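Work through the exercises below with the sequence and the coordinates at hand, and attempt each task before reading its solution.

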Amino acid sequence: AKKSGRNTYAFYDDALTINANHKLRLAVELRQCVQNNELALYYQPQVDLVTGQIIGVEALLRWHHPERGLLSPIHFIEVAEERSIIHDITRWVVETGCQQLKAWHDAGAPISMAVNISPRNLADVTFVQVVAEALDKTGADPRFLELEITENTLIENQANALRVLEQLREKGVGIAIDDFGTGYSSMAYLKRYPISKLKIDRHFIKDIQSQSPDEEEVAIVSAMIAMADSLGIGVVAEGIETLHQQAILHELGCTFGQGYLYRRPAPAADIGELLGVEND
Ligand code: C2E
Ligand code: CA
Ligand code: CA
Ligand code: CA
């Protein structure tokens, strides 16, 4: 978060140790952020590693805090989850993402839109409805919408998750496992749940960045790609920062990539320009 230029999140650098008071104030402010129109989505391209084409974007939440400037979710999502504010926020994220998806499709850019979903959302029995309403309201094509969840989300919500995810898949919505390889799970879930994509966590990608990466580190990424392939699941490498990483991933047969090498998350207008479509 420190790398984000002038609008830094430096104020919250010690966010992980924020005290109870601070959390309380944050929660009060967070409750207002949707109504006050303080939330924004930034978008980061996902590219085809063979053609270099942008095939989709991931929507990343930002909070334009009235005093503190632009905040990354790492500074407020946890508090939002604890206070159940996450339900309002996710509703806003899914709806706004769908709206932008529809706009880009109408403008002639048939890309996909990935949005991040909290564990709490999957425990919510009305969650399928939230997504269905957003699709309905915006007219976005569900086959281009993808929900990113973590492995731990599945573990925490075993009872509800399967039903929710199956209902979403039936509508055509994609399910991506975010930060793949960092969770606690057994991987048996890859068979049990209707997963359409794996996103290899950037820590594994970081490991292969040196000119002579350890063979083991390349082997792990290679195995993840092979496993996804054999299960018929798409695979995205996260956090690609160098051409060298890109070259190795390409060689390993990884289909898609995402990272600062291509583009940092940016407002819709900037991404629209990149896509060569008109902005409104
Ligand atoms: P994530 O889903 O794993 O998203 C990727 C994060 O890595 C983003 O941070 C992105 O800006 C950053 N990133 C992208 N490319 C690179 C790279 O090449 N190098 C490095 N070092 N970092 C890269 P961001 O936007 O600060 O988001 C942090 C986390 O907040 C996300 O991690 C996600 O877990 C959560 N988040 C973001 N948007 C939402 C949302 O709408 N709802 C919920 N519940 N969580 C969200
Ligand atoms: Ca994500
Ligand atoms: Ca991730
Ligand atoms: Ca390592």
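**Exercise 1.** Determine which strand gives the most residues to the shell around ligand 1.

*Solution.* Strand 2 gives the most, with four residues, where strands are DSSP runs of E with at least two residues, numbered from the N terminus. This is a predicted model, in which local features need pLDDT of at least 70 and side-chain atom pairs count only at pLDDT 80 or more, whereas totals for chains, interfaces and linings use all residues. Residues are numbered from 1 along each chain as written, chains are lettered from A and ligands numbered from 1 in the order written, and side-chain values use heavy atoms, without hydrogens and water.

**Exercise 2.** Describe the shell around ligand 1 and its polar contacts.

*Solution.* Start with the 22 residues around ligand 1 (a heavy atom within 4 Å), of which Arg62, Ser72, Asp178, Glu241 and Tyr260 come nearest. Next, look for polar contacts, meaning pairs of N or O atoms within 3.5 Å: an oxygen atom of the ligand lies 2.8 Å from a polar backbone atom of Tyr260, and an oxygen atom of the ligand is 3.0 Å from a side-chain N or O atom of Asp178. Finally, the protein covers 84% of the 800 Å² of accessible area that ligand 1 has on its own (Shrake-Rupley method, 1.4 Å probe).

**Exercise 3.** Explain why Cys98 forms no disulfide.

*Solution.* A disulfide requires two cysteine sulfur atoms within 2.5 Å, and the structure holds zero of them. The closest cysteine sulfur to that of Cys98 belongs to Cys33, and because it is 19 Å away, it is too far for a bond. Cys98 is also buried (under 20% relative accessible area), at 0%.

Note on methods:
A polar contact is a pair of N or O atoms within 3.5 Å; within protein, one must be able to donate a hydrogen and the other to accept it, and residues adjacent in sequence count only if both atoms are side-chain atoms. Buried means under 20% relative accessible area, exposed over 50%, partly exposed in between (1.4 Å probe, protein chains only).
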